[in-house]
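Me: Could you take a close look at one part of this model for me? I would like a connected walk through a helix and its surroundings.

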Amino acid sequence: MDAPLVVLLHPQLYVVALDGLALVGHFVFALQVGQVARDVRVTQREGCLGLAAAEVGLERSRRLLAEYDRSVDPDVWIERRAGLTPQERTRAQRANLALVASSHEQGIRLLVADSLGAESESLPPAMFSWGQTECLNWPKVAIVGTRGASVYGKAVAQKFAEALARAGVGVVSGGALGIDAAAHEGAIAGGGPTVAVLPSGVDRPYPMVNAALFRRIRESGCLLSQFALGQVPREYHFIHRNRTIAALSQAVLVVEAPARSGALSTASTAAELGREVFVVPGNISTDRFQGSHALIRDGATLCDHPDQILQSLDI
């Protein structure tokens, strides 16, 4: 057996790569067969830069990481880096690992996107997680929709999530009120894991009204955020969060989306990434489903039973 590779992220946070497994604190992530230790060779500087890069969008973050001079501290490098707007520079400088030590005892971990396998190219370079992170290796379906959901919409989201969970599929959503919360609740009721991708730091889960739900999610699933610890939700965070939801999932189910719903951006990203988009139809006499029906007209798959999604995933 080869000796383990120990990579220091912080005096109290380390990564160990051993025989195809990456061990972060007490959590184990199964890597793809044949992956080598370089997939988890992240230094404190690279981790910090990854979080900073997540604040400026996926494409630009990839360029920043590719051009990074490792002899320079990330904050100094970002300050000097040409091509960033003042707003982007300010946002990037908010990201740091200063809170990692104290959060480590809570179970919060820094993830490297490469450890998530084939999905990693579409994900932010670094993310924080809190909970049972091994569930990220499960097949996953995102369930998204409006915050102002009807009783019907919430019931549908919970029904689908519960059925998917019982079939061994993890449910991904955004932790918000309405459809998101119903999807998380359904997955928990089905005995499966659920992942809440947050628009805030993972240590400050938003919205606070769902605090009890977030605690329950951590018991079998996890909270996930591409934003630095301590961050409050900002307007631009939501569009980045929605992209991450789509990138984490093998398919996206839209339940009750009006014409101006964030769920539509998640569906659009999913289509761009080659994920199948399913849509539950609704009442044509209300505007609650205008966005949903527009997706169906544009080619999304009309879905009225969880088995349609499971068949698409060969489960």
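What follows is a request about one helix, and then a reply that works outward from there.

Me: Which residues of helix H10 (residues 262–272) are buried, and what covers them? Please also tell me how H9 and H10 pack.

Reply: Happy to! Please keep in mind that this is a predicted model.

Let's begin with the helix itself. The buried residues of H10 are Ala263, Leu264, Ser265, Thr266, Ala267, Thr269 and Ala270. Their cover includes two helices, H9 and H11 (290–297). Strands S7 (140–145), S11 and S12 (276–280) are also among the elements that cover these residues.

Now for the two ends. At the start of H10, Ser261 brings a side-chain oxygen to within 3.1 Å of the backbone nitrogen of Ala263. Just after the helix comes Gly274, with a positive phi of about 85°.

H9 deserves a longer look. The axes of H9 and H10 lie 8 Å apart, and the two helices pack at an angle of about 45°. That angle is neither under 35 degrees nor within 65 to 115, so H9 and H10 count as oblique to each other. The crossing of H9 past H10 is right-handed. On the H9 side, the contact is made by Ile239, Asn242, Arg243, Ile245 and Ala246. H10 contributes Gly262, Ser265, Thr266, Thr269, Ala270 and Glu272. By character, the residues of this contact divide into four nonpolar, five polar and two charged. Ser265, Thr266, Thr269 and Ala270 appear both in this contact and among the buried residues of H10. As background for reading such lists, an α-helix has 3.6 residues a turn, so residues three or four places apart point the same way.

From H9, we can carry on to Ser249, in the loop between helix H9 (235–248) and strand S11 (251–255). Ser249 has a relative accessible area of 0%, and because buried means under 20%, this serine counts as buried. The Ser249 side chain reaches the backbone oxygen of Ile245 at 2.8 Å, and Ile245 is one of the H9 residues in the contact with H10. Setting aside neighbours within four places in sequence, Ser249 is in contact with Lys140, Val141, Ala142, Val172 and Arg275. Strand S7 (140–145), which is part of the cover of H10, spans the numbers of Lys140, Val141 and Ala142 in that set.

Definitions and conventions
Residues numbered from 1 in each chain as written. Predicted model: local features only at pLDDT ≥ 70, side-chain atom pairs only at ≥ 80, totals over all residues. Heavy atoms only, no water. Helix = DSSP H or I, 4+ residues; strand = E, 2+ residues; numbered from the N terminus. Buried < 20%, exposed > 50% of the residue type's maximum accessible area, 1.4 Å probe, protein only. Polar contact = N/O pair within 3.5 Å; in protein donor to acceptor, adjacent residues only side chain to side chain. Contact = heavy atoms within 4.5 Å. Axes fitted to C-alpha atoms, helices over the stretch in contact; angles between N-to-C directions. Parallel < 35°, antiparallel > 145°, perpendicular 65-115°, else oblique. Left-handed = near helix turned anticlockwise from the far one by under 90°. Nonpolar A, V, L, I, M, F, W, Y, C, P; charged D, E, K, R; others polar.
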